[in-house]
Amino acid sequence: MNYSIALVPGDGIGPEVIAPATEILDAVGDTYDHVFHYVELEAGGKAIDSTGEPLPQETLEAAKQCDALLLGALGGPQWETLPGHLRPERALLGLRSGLGVFANLRPAALLPQLKDACPLKDAVLAASHPEGKPTFDLLIVRELTGGLYFGTRGRSTDGKAAFDTETYSWAEIERVLRAGYAAAAVRRKKLCVVDKANVLESSRLWREVAAVVSKDYPDIETRYLYVDNCAMQLIRAPGQFDVIVTSNLFGDILSDEASVLTGSIGMLPSASLGSPDDPLAKKGHPMGMYEPIHGSAPDIAGKDIANPLAAILSTAMMLRYSFGLEQEARRIESAVNAVLDSGLRTQDIARRNSTPGTEKILGTKDMGEAVLKQIIGDMNNA
Ligand code: IPM
Ligand code: MG
């Protein structure tokens with residue numbers, strides 16, 4: 001089958017981590033007889049420099065025609081002083097809403113190979129794990145195209161007061177909850193709705209919708225937590241969570257918090273999905289936007305030290321969710337696993353005091369190469 005992928009390498013370390021990711025996709029394509037056709041597009045800082053706007057209309061229109069979008073990272077210090085509507089972040093928001101990708105899946109799991117990078121003590125981890133193991137594996141489903149990030153905002157006429165608004169409709173809440181239940185159904189069947197229903201009216205609506213929608217998923221346990229409590233529970237007992245579903249703002253904050261527990265933000269992929277019924281859905285699968293969650297990291301850009309694994313794992317999510325290629329997705333995930341097993345690390349995931357000879361630190365290109373070799377090797381042995 002042929003697939004078209006809108007490619008936005010973006011700014012900072014974006015292009016460096018996207019390059020190995022597409023090489024790996026191509027290797028997988030060669031073996032399974034898929035052709036990935038890339039449509040390279042500009043957004044963020046690069047687009048500001050060349051066109052004056054963060055998200056040129058052509059970029060959005062071209063992305064809509066593709067089967068999925070793979071993005072590196074957007075932004076950097078040189079664009080930070082621009083007014084709000086011209087900043088690179090606007091491109092991210094514009095792509096998310098323009099593509100209708102309302103459900104942002106952010107997995108955060110502790111890999112056994114990186115266990116020592118987790119700041120929590122084993123005893124703390126084990127206490128909340130259902131089987132008493134010092135680990136956790138959770139998924140945050142963040143609502144991505146509504147709430148505070150898209151609500152009406154403004155200033156008073158004298159500029160001395162400002163407001164942002166949190167608005168959610170029943171339909172917006174329902175569809176992201178259903179995305180959460182679909183994810184929980186193939187995981188450990190536990191879903192936690194996170195809100196601030198003791199104060200916010202919009203949160204009370206979230207609970208009302210959840211009470212109705214949860215009836216359609218009787219085999220999934222539904223519970224509710226206030227966001228302040230959830231922030232605390234994440235660092236004192238992360239093992240209690242399976243799927244967390246929450247609003248745009250709360251999901252933004254909680255997913256950064258959860259990433260620290262995994263040891264490195266350089267490992268975490270993400271998928272943002274639309275509805276399979278949306279006109280932009282292709283070949284029966286939802287439109288999807290895939291990106292590592294680490295951002296553009298301008299301080300290490302161009303140094304060949306960034307960790308490409310989050311970008312590589314994002315392509316696995318793309319194969320799974322937008323193309324329905326589960327086996328191919330697993331190939332990539334198991335290759336990453338094998339590379340970590342063999343002790344290969346980028347500097348962000350290396351242990352400071354590892355036993356000599358157990359870990360080897362690689363740059364971005366060599367790490368990508370190691371995963372590629374592993375994939376090609378796997379294929380030859382298959
Ligand atoms: C994220 C980022 C973005 C967000 C910023 C860059 C607009 O923090 O993807 O989590 O807040 O959504
Ligand atoms: Mg964020």
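# A tour of two pockets and some rings

The second largest pocket has a volume of about 540 Å³, and that's where we'll start in this predicted model. Select Glu89, Leu92, Arg96, Ile293 and Gly295: of the 25 residues lining this pocket, these are the closest to its centre.

Next, colour strand 3 (68–73), helix 4 (88–99) and helix 9 (248–261), each of which supplies at least two residues of this lining. Helix 4 gives the most, with 4 residues. Now colour the lining of the second largest pocket by class, and you'll get 11 nonpolar, 6 polar and 8 charged residues. Try colouring by domain too: at least three residues of this lining come from each of domain 1 (1–109 + 268–382) and domain 2 (119–261).

**On to the largest pocket**

The largest pocket has a volume of about 1,200 Å³. Which residues are the closest to its centre? Pick out Pro107, Arg187, Arg320, Tyr321 and Glu333, from a lining of 42 residues. The elements giving two or more residues to the lining of this pocket are strand 4 (103–109), strand 5 (137–143), helix 6, helix 10 and helix 11. Show helix 11 by itself for a moment, since the largest share of the lining, 7 residues, comes from there.

Keep the domain colours on. The lining of the largest pocket also draws at least three residues from each of domain 1 (1–109 + 268–382) and domain 2 (119–261). Switch back to colouring by class, and the lining of the largest pocket splits into 27 nonpolar, 6 polar and 9 charged residues.

**Now the rings**

Hide the pockets and show the aromatic side chains. The count here is 5 aromatic pairs. Go to Tyr3 and Phe323 first: their ring centres are 4.2 Å apart and their planes are at 25°, under the 30 degrees cut-off, so this pair counts as stacked. Zoom out a little to see what the pair joins. Tyr3 lies in strand 1 (residues 2–10), while Phe323 is in the loop between helix 10 (309–321) and helix 11 (326–341), so the contact ties together parts that are 320 residues apart in sequence. Are these two buried or exposed? Tyr3 and Phe323 are both buried. Add Phe36 to the selection, and you have one aromatic cluster made of Tyr3, Phe36 and Phe323.

Then jump to Tyr181 and Tyr217. This aromatic pair is stacked as well, at 4.3 Å centre to centre with 0° between the planes. Tyr181 lies in helix 6 (residues 170–185) and Tyr217 in the loop between helix 7 (201–213) and strand 9 (221–226), so here the pair ties together parts that are 36 residues apart in sequence. Check the surface around Tyr181 and Tyr217, and you'll find both buried.

For a ring with a charge over it, select Phe102 and Arg175. The charged end of Arg175 sits over the ring of Phe102, 4.2 Å from its centre.

**Last stop: Asn2**

Head back to strand 1 and select Asn2, which is found there. Is Asn2 buried or exposed? The relative accessibility of Asn2 is 54%, and exposed means over 50%, so Asn2 counts as exposed. To finish, draw a distance from the C-alpha atom of Asn2 to that of Asp228: these atoms are separated by 46 Å, with the two residues 226 apart along the chain.

Note on methods
Residues are numbered from 1 along each chain as its sequence is written. Chains are lettered from A and ligands numbered from 1 in the order in which they are written. This is a predicted model: local features need pLDDT of at least 70, side-chain atom pairs count only at pLDDT 80 or more; totals for chains, interfaces and linings use all residues. Side-chain values use heavy atoms; hydrogens and water are left out. Rings of Phe, Tyr and Trp (its six-membered ring) pair if their centres lie within 6.5 Å; planes under 30 degrees apart count as stacked, over 60 as edge-to-face and the rest as tilted. Buried means under 20% relative accessible area, exposed over 50%, partly exposed in between (1.4 Å probe, protein chains only). A charge sits over a ring if NZ of Lys or CZ of Arg is within 6 Å of the ring centre and within 35 degrees of the ring normal. On a 1 Å grid over the protein atoms alone, a cavity is a set of points where a 1.4 Å probe fits but cannot get out, and a pocket is an open set with protein on both sides within 12 Å along at least five of seven lines; lining residues have an atom within 4 Å of a point. Grid points are joined across faces, edges and corners, and a volume is the space filled by probe spheres set on the points. Ala, Val, Leu, Ile, Met, Phe, Trp, Tyr, Cys and Pro count as nonpolar, Asp, Glu, Lys and Arg as charged, and the others, Gly among them, as polar. Domain bounds come from an automatic or database domain assignment.
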